[in-house]
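I opened this notebook to record what I looked up, topic by topic. The entries follow the order in which I went through the coordinates.

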Amino acid sequence: MNYSVQNRFSQAMTETKRSEAANSPDRLCFHIMPPVGWLNDPNGLCEKDGINHIYYQFAPESAAGNTAKGWGHCTTKDWIHYTEQPVPLFPDSLLDEGGAYSGSALVCDDGKIRCFYTGNRKLPGEHDYIYEGRQHWTCMTESTDGTLLENKQVLLKNEDYPKNMSCHVRDPKVRKDQDGYRMILGARTRQDQGMALLYTSKDLKNWTLSGTIEGKEDYGYMWECPDFLELDKAALLLTCLQGAPQKGYEYENLYPSGYFQLEKNPDKREAGSPANSGLWIMALIFTPRRRLSMKTAGAF
């Protein structure tokens with residue numbers, strides 16, 4: 001464990017710096033904000049024992065997000081009042097020293113919260129870090145109460161992804177169904193095609209590629225933060241399209257997001273035209289009562 005990263009986080013979150021951020025005229029009064037620094041993707045949203053856990057990308061040393069990235073954490077019971085929790089995940093190992101990137105959370109049958117994320121690490125040397133030189137592993141960590149995420153494990157390494165992938169495969173979303181567990185990952189191919197990878201597992205540790213989701217046309221070079229939802233008569237892919245070419249008023253955002261309606265069940269799915277392409281990143285929250293909520297981190 002790299003304690004220097006934890007010390008840096010602590011030094012960036014002193015009472016003086018917290019006070020400066022709290023007194024800023026730009027401080028939000030309703031939406032979630034970190035005590036200092038940078039907030040990005042909502043990473044793992046889940047409910048356990050009546051408490052909603054909200055994890056998010058967090059870089060306390062800079063509001064520009066160009067420093068070490070871990071996960072922040074807050075909790076709520078009513079989605080109005082929020083309680084800040086200690087930093088649960090630091091980029092403090094060779095799995096993730098370049099950043100504990102986005103992912104998801106799952107409340108398991110044993111009562112533990114297991115979080116899945118992308119461990120980023122740039123290798124030394126002259127690399128472009130797009131097609132070579134980047135370690136982008138899919139990792140898992142766990143907690144009994146959601147406060148401290150421990151026991152980091154590697155689930156998928158670079159060599160476990162399809163051979164035509166670039167060094168940008170990330171943002172695992174994991175869910176449970178009647179056959180076991182399913183994971184969806186955002187991906188960029190070496191040919192700069194955005195797509196999603198589908199994996200299955202029986203035990204959350206051993207994963208097998210089961211299919212892909214690809215666009216019928218150019219929907220950008222990278223699909224970020226994907227989520228997959230199966231309804232009775234439809235299957236939906238929610239994702240953020242990096243590099244989608246602008247078409248009139250469509251895809252005017254730098255990273256437009258929305259959803260695709262898909263055919264159900266084929267191993268290889270094709271995505272048609274996305275809807276709601278003006279939204280930013282979306283995350284789904286599954287509760288024990290199987291209620292489904294959709295939260296957005298703002299809309300343009």
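Entry one, aromatic rings. I began with phenylalanine 58, which has 1% relative accessibility and therefore counts as buried, since the cut-off is under 20%. This is a predicted model, and I read every entry here with that in mind. Tyrosine 56, at 5% relative accessibility, counts as buried as well. I then looked up how tyrosine 56 and phenylalanine 58 are placed against each other, and found an edge-to-face aromatic pair with 5.9 Å centre to centre and 70° between the planes. Ring pairs extend this into a cluster that links Phe9, Tyr56, Phe58 and Phe90. Searching the whole structure, I get 7 aromatic pairs.

After tyrosine 56 and phenylalanine 58, I turned to tryptophan 223 and phenylalanine 260, whose ring centres are 5.6 Å apart with the planes at 20°, so I noted this pair as stacked. Because tryptophan 223 lies in strand β13 (residues 222-230) and phenylalanine 260 in strand β15 (residues 257-262), the pair ties together parts that are 37 residues apart in sequence. Tryptophan 223 and phenylalanine 260 are both buried.

Entry two, charges over rings. I found lysine 122 over the face of tyrosine 129, 5.1 Å from the ring centre, and the charged end of lysine 157 over the ring of tryptophan 137, at 4.9 Å from its centre.

Entry three, an open sheet. I traced 4 strands in the order β5-β6-β7-β8, with antiparallel pairing. The edges are β5 (99-107) and β8 (150-156), each of which pairs on one side only. Direction ignored, neighbouring strands of this sheet are turned by 30° against each other on average. Between β5 and β6 (residues 113-122), which run antiparallel, I recorded 7 bridges, and for valine 107 the bridge partner in β6 is isoleucine 113.

Entry four, nonpolar cores. The largest core has 19 residues, and those touching the most other members are Leu156, Met183, Leu185, Leu197, Tyr199, Leu204 and Trp207. Two or more residues each come from β8, β9 (165-177), β10 (180-189) and β11 (194-201), with β10 giving the largest share, 4 residues. I followed leucine 185 further: leaving out residues up to four places away in sequence, leucine 185 touches, among others, Thr138, Leu156, Tyr161, Val169, Met195, Leu197, Tyr199 and Pro226. Apart from this core I noted another, of 14 residues, including Ile184, Ala196, Leu198 and Tyr251.

Definitions and conventions. Residues are numbered from 1 along each chain as its sequence is written. This is a predicted model: local features need pLDDT of at least 70, side-chain atom pairs count only at pLDDT 80 or more; totals for chains, interfaces and linings use all residues. Side-chain values use heavy atoms; hydrogens and water are left out. Two strands pair if DSSP finds at least two bridges between them. Axes are lines fitted to C-alpha atoms, for helices over the stretch in contact, and angles run from 0 to 180 degrees between N-to-C directions. A nonpolar core is a set of buried Ala, Val, Leu, Ile, Met, Phe, Trp, Tyr and Cys residues joined through side-chain atoms within 4.5 Å. Buried means under 20% relative accessible area, exposed over 50%, partly exposed in between (1.4 Å probe, protein chains only). Contact means heavy atoms within 4.5 Å. Rings of Phe, Tyr and Trp (its six-membered ring) pair if their centres lie within 6.5 Å; planes under 30 degrees apart count as stacked, over 60 as edge-to-face and the rest as tilted. A charge sits over a ring if NZ of Lys or CZ of Arg is within 6 Å of the ring centre and within 35 degrees of the ring normal.
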